[in-house]
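Q: Hey, I've got this structure open and I'm a bit lost. Can we go through a few bits of it together?
A: Sure, let's have a look.

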Amino acid sequence: MFSPFRDDQGRPKAIEDVTWDDLAQLADLEEGFALEFKQTFGPGVRRKIPKIVASFSNSRGGWIVIGIADDSREVAPVPRGTADVSQVIGELCRHHVSPAPHFEVRFLADPSDDGRGVILVRVDEGDFPPYVANGIVEIREGSTSGPADGTALVDLYDRATSRRLDVRRFCRRTVYYPMADDVADLVALFDLYLFRLGPEAEEVNSRASINEGAAAMRAAFRCYGMGCRVQHAHDSLVFRTSQRDETVVAHSAIELFPNESMKLSVPAVMVTGGERERAIRSLAECTLFSPRQDARLMDATATLRRVTRMASLLDRYVRLRGLSWREYAVAYELEHMAGVTLWSENETYLSYAVLHGALYCATTDCISRVRYLDDGAHDTFRARQFAGSHFFEACGLPLGSPEPEDVELVNALLSTSGEH
C-alpha cells in the first residue's frame, strides 16, 4: 500500500515506523489521490475527517497528516489534547461512517515538546464498499473527496461482491487426511475458517515474513505443551500435531497462509472397540434412545477439550503476532458429523438422556454464515469461545437455555472438558 514515508532503501514505511525526522519527506509531496494534509485539528477539520476516511476507504486507501502547513508543507505541530487522538477519530468515524472503516491513528510527538505533535491517519482500502459518510458515498477525485456518481457506485458494489466471493472460496477445508480415503470410515471434523481482510502488504510473501509466522505458530504450540511438524503446501504451511500414528488416526491441523489467514481442522474423538460396546449398552437403557448397531459415538469430554485447546492456540498465535481479530472474517463447517452421537459417562448426561434422548448432530454437513468481525459487534471475539460454543450447539448441547436441567447438563459437560 502507498506510504508517503520511505526508509533508506526506498521502501514504504508503516505508520508505526515513522519518525519525526521522516516528516521532512513531505516537503516534496503534494496532496493527491492518497494523501491529504491538514494544518489544524479544530472543529472544522474534525467534521471533515469522516468524509475523507470514507473516500479513502472507497478508493485505494490513503493517509491524512494533521499538523502540516497547507502552503509551505512545513511542520506545524498541533496540541496533544486531553483525549487520546485515536479514540477521538475512532468515535468520529463510528458515528458518521458506515460500514466501519479500517484505519490506524498515531500521535507523533515533537521530540522537543511532548505536548505537541503531528497526527498520522492511515486508511485501508475497504473490503466492503460503499462506505457512507453522513448519508453520502464519498470517493477520491484527484486531491479532494466528493460524492460518487452512478458508474462509481456500480464499481464499488462489484468490489464488495468480489470480496465476499473471495471469502466464501476460502471457507473450505484444504488439509488432507489420508485415512479419509476409506469411505466407510470418513473422518468427523470441525473446521474453523479465519480469513484475514484488508490489503496484502507487498512483503507478505517474503521468506522472512513467512518464517516469522511459522516461528510464532510453533511457539503457540509450545505454549500448550504440544509439538508440531510443518508441511509446505503451494500457498500455505500446514502445522500438524506430532504423532507417530497420524497416517492412521486423524489429528488436528492448522493451515497458515502468508497473509495470516488460517484454517483449523479438529477431528472428533470417536468411541471405538470395547468402550463403544459398553457405551451402546448404557445408552440402550435410556428409554428415548434405541441405538443402531452402526451408530457413531463421539467422546464428549475429549472432543470438547480438543476443540477448545486448538482454538486457544489460534488466540495465542494472534497475540504473539500482535494481530487483531477485527481484521478477520470467520465461519465454521461440520464434515461427516451428521448423526454422530455425543457420549459421556457423566451421570448428569445419562440422566438427561433418559428424559430427552442422547445428544447428536442433527444436520447434514453444512457451513455457517460468514461473520465479519470488523463491524464493531465482535470486540470481545475469541477463537476458543467461538469454536467451542458453536461446536457444542451443533452437537445438541442446549447452550443458553433457561431450563434448569439444560443448564445443569451444560455445566456438567463443560466442566469435565477441563482447561488445557
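Q: Leaving out residues up to four places away in sequence, which residues does T308 touch?
A: It's a predicted model, so keep that in mind. In it, T308 touches R384, G388 and F392.

Q: Where is T308 found, then?
A: T308 is in helix α6, which covers residues 300-321.

Q: Is T308 buried or exposed?
A: Buried. The relative accessibility of T308 is 8%, and the cut-off for buried is under 20%, so T308 counts as buried.

Q: What does the side chain of T308 have for a polar partner?
A: The backbone oxygen of R305 lies 3.2 Å from a polar atom of the T308 side chain.

Q: OK, zooming out to α6. How many of its residues are buried?
A: 16 of the 22 residues in α6 are buried, so to speak "mostly covered".

Q: And how far does α6 reach?
A: From its first C-alpha to its last, α6 reaches 32 Å. That's close to the 32 Å expected at 1.5 Å a residue.

Q: What's going on at the two ends of α6?
A: At the N-terminal end, D299 acts as a cap: one of its side-chain oxygens lies 3.1 Å from the backbone nitrogen of T301. After α6 comes G322, which has a positive phi, near 70°.

Q: Back to those T308 neighbours. Which residues of α6 and α8 make the contact between the two helices?
A: First, the geometry: the axes of α6 and α8 (residues 383-394) come within 7 Å and cross at roughly 155°. Angles over 145 degrees count as roughly antiparallel, and that is why α6 is roughly antiparallel to α8. The contact involves T303, L304, V307, T308, A311, S312, L314 and D315 on the α6 side. On the α8 side you have A383, R384, A387, G388, F391 and F392.

Q: Which hand is that crossing, left or right?
A: α6 passes α8 in a right-handed crossing.

Q: New topic: α1 and α2. At what angle do their axes cross?
A: Roughly 65°, and the axes come within 9 Å. Here α1 is residues 43-58 and α2 is residues 85-96. At that angle, α1 and α2 are therefore roughly perpendicular to each other.

Q: Which residues meet there?
A: From α1, R46, I49, P50 and V53 meet V88, I89, L92, C93 and H96 of α2. As for the hand, α1 passes α2 in a right-handed crossing.

Terms used:
Residues are numbered from 1 along each chain as its sequence is written. This is a predicted model: local features need pLDDT of at least 70, side-chain atom pairs count only at pLDDT 80 or more; totals for chains, interfaces and linings use all residues. Side-chain values use heavy atoms; hydrogens and water are left out. Helices (H or I, at least four residues) and strands (E, at least two) are DSSP runs, numbered from the N terminus. The expected span of a helix is 1.5 Å times one less than its number of residues. Buried means under 20% relative accessible area, exposed over 50%, partly exposed in between (1.4 Å probe, protein chains only). A polar contact is a pair of N or O atoms within 3.5 Å; within protein, one must be able to donate a hydrogen and the other to accept it, and residues adjacent in sequence count only if both atoms are side-chain atoms. Axes are lines fitted to C-alpha atoms, for helices over the stretch in contact, and angles run from 0 to 180 degrees between N-to-C directions. Angles under 35 degrees count as roughly parallel, over 145 as roughly antiparallel, 65 to 115 as roughly perpendicular and the rest as oblique. A crossing is left-handed if the near helix is turned anticlockwise from the far one by less than a right angle, and right-handed if clockwise. Contact means heavy atoms within 4.5 Å.
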